[in-house]
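Open the model in your viewer and keep the sequence panel visible. Have a selection tool and a side-chain display ready.

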Amino acid sequence: MTQFKTLDSLDDIAGKRVLVRVDLNVPVKDGQVTDTTRIERVAPTINELSEKGAKVILLAHFGRPKGKAVASMSLEPIAQTVEEVLDHRVPFASDCIGEAAAGAVADMADGDVLLLENVRFHAGEESNDPAFAKQLAEIGDLYVDDAFSAAHRAHASTEGLAHLLPAYAGRTMQAELEALEKGLGNPARPVVAIVGGAKVSTKLDLLMNLVSKVDALVIGGGMANTFLAAKGTDVGKSLCEHDLAPTAKQIMIEAASNNCAIVLPVDGVVAKEFAANADNETLDIGSIPADGMILDVGPKSVSAINEWIGKASTLVWNGPLGAFEIEPFDAATVAAAKFAASCTGEGVLTSVAGGGDTVAALNHAGVAGDFSYVSTAGGAFLEWMEGKPLPGVEALK
């Protein structure tokens, strides 16, 4: 973390206008925010700057308005929820540049918090237009990026601004980067990665990167079927990308050359229909009937996975082991998650997890708060796991 400046470097900032990029792309239904997690994550940064007397100016996006002002994607309704979470008055400016923004900033007193309108209402945001970035910079003295979830985008408010103003990582960004460093950057070994989800095709780069970084790669979910099929196993009607068999074989060859163990299911929970509480049976891999679907890994597989977790010093997790959304096909994910959480609690494991389905699965298992770090960043977390540089992070160096 020495390559990033954090809020620890900011002492005398009373009266300074601090542009803070946050992630307020929260779920909204009938005009109400239904999950305040992302707002809660950025609250410490906002409150710390406000308490130090800074004028805190929030930059954020909402939805994909494609460079046009779309009323349904205005941040104005979210301002009230931000107020409630912060327990602090948060006025709203009807634009993020120009007179509306400049006037609202001019009215600020030290310690005030202001939310500007959706930066994506301007085409210059997503094209990272230098002129648009300059307009944003005109209303600030300092820049703080606290939106790791948008760091994989080279946009004006996530990358361009960092080159125009003194730039710092906010507390959430700092925590994320420190956790990721422990996860794959400079991890304690052995390192075990669990990768699940439906398709190999969406995680090719991820799998190829991981086999060169970790000691064991546990593959679950529908993508495990593609690997099993590539090894000649009949997976019946299970979700499987048969056309990717050569790719799966290549990943296994790469793993072998890097001394990375590939851990595949040895048994599965099999049903003839994909439905909650469908009739099911647990069968050894190799005994799957032609009309059967593997919807979860079985107890023998869970034992093997937990054995690897028990040997690990670091665990990185992305994607569920089965169709965790419906019972009873959530059992393996819940069991492995609980075991990883218990190892973390005992202080013998650093556990880092991320990705939308993963967060939902850990919440379902009731252990999201027991992992070392759970990232709410979907695409950015995945691209970091793939080993790709993130523009919003690189710009802070």
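What follows is a tour of selections, stop by stop, through a predicted model.

**Stop 1: strand β6 and its partners**

Select residues 113-116, which make up strand β6. Show the side chains. Which residues lie on one side of β6, and which on the other? V113 and L115 are on one side, and L114 and L116 are on the other. These four residues are all buried, and both faces of the strand are covered.

Now add residues 55-59, strand β4. Strands β4 and β6 are parallel partners, and three bridges hold the pairing. To find your place, pick L58 in the display and look across to L115 of β6, which stands opposite.

Next, add residues 92-93, strand β5. This strand also runs parallel to β6, with two bridges between them. Select F92: its bridge partner in β6 is L115. Then trace the chain onward from β5. The path goes through helix α3, residues 98-106, and arrives at β6. This β-α-β crossover is right-handed.

**Stop 2: an open sheet of three strands**

Clear the selection and bring up β12, β13 and β14. In what order do the three strands lie? The order is β13-β12-β14, in an open sheet with antiparallel pairing. Strands β13 (280-284) and β14 (293-297) stand at the edges. Each has a single partner strand, so one side of each has no neighbour in the sheet. From one strand to the next, the twist averages 40°.

Zoom in on β12, residues 267-271. Five bridges join β12 to β13 in the antiparallel sense. Label G268 and look for L283, which stands opposite in β13.

Then select residues 299-311 to bring in helix α11. This helix packs on the sheet and touches β12, β13 and β14. Line up α11 with β14: their directions make an angle of about 40°.

**Stop 3: salt bridges**

Side chains of opposite charge can pair when their charged atoms come close. How many salt bridges does a search of the whole structure find? The search finds 12.

Start with E48 and R171. Their closest N and O atoms are 2.9 Å apart, and the two residues form a salt bridge. E48 sits in helix α1 (residues 37-51) and R171 in helix α7 (residues 171-185), so the pair ties together parts that are 123 residues apart in sequence. Are these two residues buried or exposed? E48 counts as buried, at 19% relative accessibility. R171 counts as partly exposed, at 21%. The cut-off for buried is under 20%, so E48 falls within it at 19% and R171 does not at 21%.

Move to D205 and K388. Their side chains meet in a salt bridge of 3.2 Å, N to O. The pair links distant parts of the chain, 183 residues apart. D205 belongs to helix α8 (residues 204-210), while K388 is in the loop between α14 (379-385) and α15 (391-394). D205 is partly exposed, with a relative accessible area of 42%. K388 is partly exposed too, with 34%.

Keep K388 selected and add E386. These side chains also meet in a salt bridge, at 3.0 Å from N to O. E386 is buried, with a relative accessible area of 13%.

Then select D8, E48, K52 and R171 together. Salt bridges that share partners join these residues into one network.

**Stop 4: two buried threonines**

Go back to helix α7 and pick T172. This threonine counts as buried, at 12% relative accessibility. Apart from neighbours within four places in sequence, the contacts of T172 are R41, V42, T45, D146 and Y373. Draw a distance from T172 to S375, C-alpha to C-alpha. The separation is 9.9 Å, although the two are 203 residues apart along the chain.

Finish at T344, in helix α12 (residues 331-345). What is the relative accessible area of T344? The value is 13%, and T344 is buried. Show S351 as well: a polar contact of 2.8 Å joins its side chain to that of T344. Setting aside neighbours within four places in sequence, T344 is in contact with L349, S351, D370, F371 and S372.

How values were computed: Residues numbered from 1 in each chain as written. Predicted model: local features only at pLDDT ≥ 70, side-chain atom pairs only at ≥ 80, totals over all residues. Heavy atoms only, no water. Buried < 20%, exposed > 50% of the residue type's maximum accessible area, 1.4 Å probe, protein only. Pairing = 2+ DSSP bridges. Right-handed = clockwise from strand over helix to strand, strands pointing away. Polar contact = N/O pair within 3.5 Å; in protein donor to acceptor, adjacent residues only side chain to side chain. Contact = heavy atoms within 4.5 Å. Axes fitted to C-alpha atoms, helices over the stretch in contact; angles between N-to-C directions. Salt bridge = Lys/Arg side-chain N within 4 Å of Asp/Glu carboxyl O.
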